[in-house]
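Trainee: I have a structure to read and many labels to understand. Can we go through them one by one?
Mentor: Yes. Here it is.

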Amino acid sequence: MKSIGFTYNGTKITLLKGDITKQDTEVIVNAANSSLMGGGGVDGAIHRAGGPEILKECKEIRKNQGKCPTGEAVITSGGNLKAKYVIHTVGPIWRGGNNKEPQLLSNAYKNSLKLAHENNIKTIAFPSISTGAYGYPIEKASIVALNAVKEVLNKITFEEVRFILYSGEDFEVYKDKIEKVFS
Ligand code: AR6
């Protein structure tokens, strides 16, 4: 069974191989780009499954506050998704690792959790941000992602934080790292 669950500091952590658009958490996180105008990968899948309402709200955000800088996050409703909300965050493009990639990736996770908390959201699902089109090696990205979430969970409790991995290989990488980071 491609799933793992345990509790850390009062928050249920779940690792699951699956499709983020199908998750029943209150919010799902989108690995967007700064334009917030959609794209391929998980971004394309979320807009397809959620319908036009999400893009409409993204356009409104663009009008009011411009592009979304790398590492930051914004929130829209979930349109036709099971999730009530989508948090759109922008991970860094991998440029070899010496261009603040770890810090920016960590910010993407932390700012997403912060925004969820501000909106009184208790259950959240993350995809593996930056490890597709943006080329961040998943062995490295998973450690950054898990440590960022752990740091936030030391201060804030959620009901559940779910990590959704699209492939079996990515799931295995996360499984290996999660045991190390949360032990
Ligand atoms: N559910 C869960 N994970 C998924 C799904 C899904 N339905 N579809 C893909 N993934 P990517 P990035 C995984 O490229 O690297 C977009 O065009 C995928 O296997 O979606 O942050 C945006 O508009 C990979 O492990 O995001 C940006 O321009 C992970 O999601 C750019 O790509 C992230 O891959 C962002 O690139």
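Trainee: Why is Tyr-136 called buried?
Mentor: This is a predicted model, and the label comes from a computed area. Tyr-136 has a relative accessible area of 2%. Buried means under 20%, so Tyr-136 is buried.

Trainee: Why is Trp-94 called partly exposed?
Mentor: Its relative accessible area is 23%. Buried needs under 20%, and exposed needs over 50%. Trp-94 falls in between, so it is partly exposed.

Trainee: What makes the pair of Trp-94 and Tyr-136 tilted?
Mentor: Start with distance. The ring centres are 4.6 Å apart, and a pair needs centres within 6.5 Å. Now the angle. The planes stand at 50°. Stacked needs under 30 degrees and edge-to-face over 60. Neither fits, so the pair is tilted.

Trainee: Which parts does the pair of Trp-94 and Tyr-136 tie together?
Mentor: Two loops. Trp-94 lies in the loop between strand 5 (85-90) and helix 3 (101-118). Tyr-136 lies in the loop between strand 6 (123-126) and helix 4 (138-153). These parts are 42 residues apart in sequence.

Trainee: Why is the pair of Phe-126 and Phe-163 called stacked?
Mentor: The centres lie 6.2 Å apart, with the planes at 25°. The cut-offs are within 6.5 Å for a pair and under 30 degrees for stacking. Both are met, so the pair is stacked.

Trainee: Where do Phe-126 and Phe-163 lie?
Mentor: Phe-126 is in strand 6, and Phe-163 is in strand 7 (residues 160-165). The pair therefore ties together parts that are 37 residues apart in sequence.

Trainee: Are these two rings buried or exposed?
Mentor: Buried. Phe-126 has a relative accessible area of 0%. Phe-163 also has 0%.

Trainee: Which residues form the aromatic cluster?
Mentor: Tyr-109, Phe-126, Phe-163 and Tyr-174 form one cluster. The count of aromatic pairs in the structure is six.

Trainee: How do you know that Cys-58 and Cys-68 are not bonded?
Mentor: Check the sulfurs. The sulfur of Cys-58 is 9.4 Å from its closest cysteine sulfur, in Cys-68. A disulfide needs the sulfurs within 2.5 Å, so this is too far for a bond. The structure holds zero disulfides.

Trainee: Are the two cysteines buried or exposed?
Mentor: Buried. Cys-58 has a relative accessible area of 0%, and Cys-68 has 4%.

Trainee: What confidence does the predictor give?
Mentor: The chain averages a pLDDT of 98. At least 70 is reached by 99% of the residues.

Definitions and conventions
Residues are numbered from 1 along each chain as its sequence is written. This is a predicted model: local features need pLDDT of at least 70, side-chain atom pairs count only at pLDDT 80 or more; totals for chains, interfaces and linings use all residues. Side-chain values use heavy atoms; hydrogens and water are left out. pLDDT is the predictor's confidence in each residue, from 0 to 100. Helices (H or I, at least four residues) and strands (E, at least two) are DSSP runs, numbered from the N terminus. Buried means under 20% relative accessible area, exposed over 50%, partly exposed in between (1.4 Å probe, protein chains only).
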